[in-house]
Amino acid sequence: MAKYKSPPDFEGKDYHTWRNEVMLWTCLTDLPAKSQGIAVALSLSGTHREVATSLDVSVLGADTGLNSLLQELDKHFKKESVDLSYEQFCDFETFRREKDGNMTKYVVEFERRHQKLKVHGMELPDGIRGCKLLEMANLDPREKQLVLSACTKLEYAQIQSALKRIFSL
């Protein structure tokens, strides 16, 4: 099994995702607590690294060094809850399957984005979630009618199942 000495890379991620990955990493790494803050600080680049390395080595090298580092980074980079919630909502609302995109991948991505809404207390009722799944699938009117005719109720599970049965190879 890997030892997970290297903390998660920040490149290409938003701060919130990266921070969650760091917390997961702490559960798996065999690095002692007093080395984790330093390891994470040195894994960063740019402005994030500047903030991290502005902390004294004695702070980063303490058993609570990682916590101190994350608190300092939070001050600069963590989004307000309302901003993050709105961003997740917009991310969900603007999502659409590409016209010839894989239906299974679309359903998985739809569910991933809905899960992010749930984290922010914006879970959609089952029927609305099903209608959104169908509408965001980017189907022509005849294809939508085909999906609806395969359903006995306007429920998420039925619409999801119909989309997969009809359009997945």
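This passage describes the fold, the nonpolar cores and a handful of individual residues in a predicted model.

The overall architecture comes first. The secondary structure of the protein consists of 10 helices and 0 strands, so that, read from the N terminus, the order of elements is α-α-α-α-α-α-α-α-α-α. The radius of gyration is 21 Å, whereas the globule rule gives 15 Å for 169 residues; the former is well over the latter, and the protein is therefore more spread out than a compact globule. Along the principal axes, the C-alpha atoms fill a box of roughly 65 × 40 × 25 Å. Of the 169 residues, 33% are buried. The accessible surface amounts to about 10300 Å², and carbon and sulfur atoms account for 54% of this area. As for contacts between residues at least 6 apart in sequence, 57% of them join residues at least 24 apart.

It is helpful to turn next to the nonpolar interior. In soluble globular proteins, nonpolar side chains tend to be buried together. In this model, the largest nonpolar core contains 19 residues. The residues with the most contacts inside this core are Tyr-106, Phe-110, Leu-133, Leu-139, Val-147, Ile-159 and Leu-163. At least two core residues come from each of three helices, namely α7 (103-119), α8 (126-135) and α10 (156-167). The biggest contribution is that of α7, which gives 5 residues. A second core, separate from this one, has 18 residues, including Trp-18, Val-22, Leu-70 and Leu-73.

Leu-139 offers a good view of the surroundings of the largest core, being one of the residues with the most contacts inside it. Beyond its neighbours within four places in sequence, Leu-139 is in contact with Arg-97, Lys-99, Met-103, Leu-134, Lys-144, Val-147, Leu-163 and Phe-167. Two of these partners, Val-147 and Leu-163, are themselves listed among the core residues with the most contacts. Asn-138 belongs to the loop between α8 and α9 (141-149). Most residues other than glycine have a negative phi. Asn-138, which is not a glycine, nevertheless has a positive phi of about 60 degrees. With a relative accessible area of 30%, Asn-138 is partly exposed, because this value falls between the 20% and 50% limits.

Helix α8 also holds Ile-128. Although a nonpolar core takes in buried residues, Ile-128 is partly exposed, with a relative accessible area of 46%. Its C-alpha atom lies 12 Å from that of Lys-153, a residue 25 places away in sequence.

Within the second core, Trp-18 deserves a closer look. This residue sits in helix α1 (residues 15-28) and is buried, its relative accessible area being 0%. Setting aside residues up to four places away in sequence, Trp-18 touches Pro-8, Asp-9, Phe-10, Lys-13, Val-40, Leu-44, Leu-70 and Leu-73. Leu-70 and Leu-73 from this list are also members of the second core. The link to Pro-8 can be described in further detail: the two residues are 10 apart along the chain, and their C-alpha atoms are separated by 7.1 Å. In addition, the side chain of Trp-18 reaches the backbone oxygen of Pro-8 at 3.2 Å.

Two polar residues can be considered alongside these cores. Glu-72 is located in helix α5 (residues 65-77). At 18% relative accessibility, Glu-72 counts as buried, since the cut-off for this class is under 20%. Its contacts, not counting residues up to four places away in sequence, are with Val-51 and Leu-55. Gln-88, in turn, is part of helix α6 (residues 81-93) and is likewise buried, with a relative accessible area of 9%. Apart from neighbours within four places in sequence, Gln-88 is in contact with Lys-116, Leu-117 and His-120.

Finally, the cysteines can be examined. A disulfide requires a pair of cysteine sulfur atoms within 2.5 Å, and by this rule the count is 0 disulfides. Cys-27 is exposed, with a relative accessible area of 65%, while Cys-90 is partly exposed at 27% relative accessibility.

Key
Residues numbered from 1 in each chain as written. Predicted model: local features only at pLDDT ≥ 70, side-chain atom pairs only at ≥ 80, totals over all residues. Heavy atoms only, no water. Buried < 20%, exposed > 50% of the residue type's maximum accessible area, 1.4 Å probe, protein only. Helix = DSSP H or I, 4+ residues; strand = E, 2+ residues; numbered from the N terminus. Contact = heavy atoms within 4.5 Å. Core = buried A, V, L, I, M, F, W, Y, C linked by side-chain atoms within 4.5 Å. Rg over C-alpha atoms; globule rule 2.2 N^0.38 Å. Areas by Shrake-Rupley, 256 points an atom, 1.4 Å probe, with all protein chains shown as cover. Polar contact = N/O pair within 3.5 Å; in protein donor to acceptor, adjacent residues only side chain to side chain.
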